[in-house]
Amino acid sequence: MRVGVFTPLLSQYGLQDVLKKLKEHGITTVELGTGNYPGNAHCNLSMLDDKAALAEFKKTLDGEGFTISALSCHGNPLHPDEKIARSHAETNEKSILLAERLGAPVVIDFSGCPGDSPHAKHPNWVTCPWPPEYLDVLKWQWEEVATPFWVKRGQFAADHGVKIAIEMHPGFLAYSPETMLRLRYIAGPSVGCNYDPSHMFWQGIDPIAAIRVLGDAIFHVHAKDTQVYERNLPMTGVLDTKPYTDERNRAWIFRTCGYGHGEQWWREFVSTLRMFGYDYVLSIEHEDSLLSAEEGLKRATAFLRDIVPGERPSAAWWV
């Protein structure tokens, strides 16, 4: 297992500068955004049609001794706005093709969330079974929208030797281990999850126990934490819609590794991942509103270095 970095946290820098900065921290594995919500500051999909640019990109990574853990295009390919859905789905498809050419084994995305009908304008995330029309909406979303898309996309990924890692996140159909495994059952074994423990914490799900539920469905892991504020939690509950920057009043906020849960917790997290067959990358994702990106990167790498002190190569774990 080794530590990597999801590079949008350094989007203000060019790729060459990013690689140099990461090497200073002992990092030689990157997760690169290709569009949609993460943006594409360091990996442009136009390389699919430009052999020279693709060759130069590979040369830059190889020359600095870097590997790619995943390409990430977190979006909403099921969006009720057809233009948005088409754009996000196209970015996903091109990311799979680029991953194949780069030898990156995983493409990360969200499951997406449709509206409440074919005539909707905005996504509709159903969170309760009553009044009964909510279950009618949920049934339609899964059967008429999610299933046709993900069956085809799962097969497309398999045909190109790439796995799709869905990041469980509230606001989308797959947000919990149960909904993630439902999507995997529908789409097939080429679809699994990008496991971000921070998204489990704020839903009240034990991230370590959830590893035992997900098992070999875990294709990639984000290293990110959540701090829950017990003072605010009784007032808001976990579904808190206040801005992330309203730290004083939120029930929880995302934290850099080392600022949420302690070393013993992360050691158990890593050990349980290994126990259930995951021996790949912990990719640092910075969304801590109390620390700058560079400070968060510095703190997280120093913290995780003591927990994951060296690589234990197992390059074919995803086969």
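1. In this note, two residues are in contact when heavy atoms of each lie within 4.5 Å. The structure under review is a predicted model. On that definition of contact, and leaving aside neighbours within four places in sequence, S72 is in contact with F6, E31, L32, G33, T34, G35, P38 and I108.

2. The overall arrangement is the natural starting point. Eight strands form a closed barrel in the order β1-β2-β3-β4-β5-β6-β7-β10, and their pairing is parallel. From one strand to the next, the twist averages 30 degrees. As a matter of principle, strands of a sheet pair through backbone hydrogen bonds, in either a parallel or an antiparallel manner.

3. S72 itself belongs to strand β3. Is S72 buried or exposed? Its relative accessible area is 0%, and the limit for a buried residue is under 20%, so S72 counts as buried. Strand β3, residues 67–72, runs parallel to strand β4, residues 106–109, and two bridges join them. The bridge partner of S72 in β4 is I108, a residue that also appears among the contacts of S72.

4. G33, another contact of S72, is placed in strand β2, which covers residues 29–33. With a relative accessible area of 4%, G33 is buried. Beyond its neighbours within four places in sequence, G33 is in contact with F6, P38, G39, N40, C43 and S72. By contrast, G33 and G171 are 20 Å apart in space, C-alpha to C-alpha, with their positions 138 residues apart in sequence. In the loop between β2 and α2 (51–63) lies N36. The phi of N36 is near 55 degrees, a positive value in a residue other than glycine.

5. The later strands of the barrel deserve a separate point. β6 and β7 run parallel and are joined by three bridges, with N194 standing opposite H220 in β7. On pairing with strand β10 (residues 281–284), β7 again shows the parallel sense, over three bridges; V221 has L282 as its bridge partner in β10. How many residues of β7 are buried? Six of its six residues are, and the strand is described as mostly covered. Helix α7, residues 207–214, lies across β6 and β7 (218–223), and runs at about 165 degrees to β6.

6. Helix α4 should be examined with care. The helix spans residues 133–159, 27 residues in total, and reaches 38 Å from its first C-alpha to its last, close to the 39 Å expected at 1.5 Å a residue. Where does α4 bend? The bend, of about 45 degrees, is at A146, and a proline, P148, follows within four residues. Two backbone features flank the helix. Ahead of it, in the loop between β4 and α4, is P131, and the peptide bond from W130 to P131 is cis, with omega near 0 degrees. Just after α4, G161 takes a positive phi of about 70 degrees.

7. The buried residues of α4 are V137, Q141, W142, V145, A146, F149, W150, R153, G154 and A157. They pack against α3 (82–102), β5 (163–167), α5 (177–187) and β6 (191–195). Q141, which lies in α4, has 1% relative accessibility and therefore counts as buried. Not counting residues up to four places away in sequence, Q141 touches C113, P114, G115, N124, V126, A146 and L173. The last of these, L173, is 32 residues from Q141 along the chain, and their C-alpha atoms are separated by 8.3 Å.

8. The nonpolar interior completes the description. In soluble globular proteins, nonpolar side chains tend to be buried together. The largest nonpolar core here has 75 residues, and those with the most contacts inside it are L71, Y195 and F269. α4 gives the most to this core, with six residues. A second, separate core of five residues includes V106, I108, A165 and F219.

9. Y195 merits a closing remark, as one of the residues with the most contacts inside the largest core. Leaving aside neighbours within four places in sequence, Y195 is in contact with M168, M200, P207, I208, A210, I211, L214, I218, H220, V221, H222 and F269. Among these, F269 is likewise one of the residues named for having the most contacts inside that core.

Definitions and conventions:
Residues are numbered from 1 along each chain as its sequence is written. This is a predicted model: local features need pLDDT of at least 70, side-chain atom pairs count only at pLDDT 80 or more; totals for chains, interfaces and linings use all residues. Side-chain values use heavy atoms; hydrogens and water are left out. The expected span of a helix is 1.5 Å times one less than its number of residues. The bend at a residue is the angle between axes fitted to the seven residues ending there and the seven starting there. Buried means under 20% relative accessible area, exposed over 50%, partly exposed in between (1.4 Å probe, protein chains only). Two strands pair if DSSP finds at least two bridges between them. Axes are lines fitted to C-alpha atoms, for helices over the stretch in contact, and angles run from 0 to 180 degrees between N-to-C directions. A nonpolar core is a set of buried Ala, Val, Leu, Ile, Met, Phe, Trp, Tyr and Cys residues joined through side-chain atoms within 4.5 Å.
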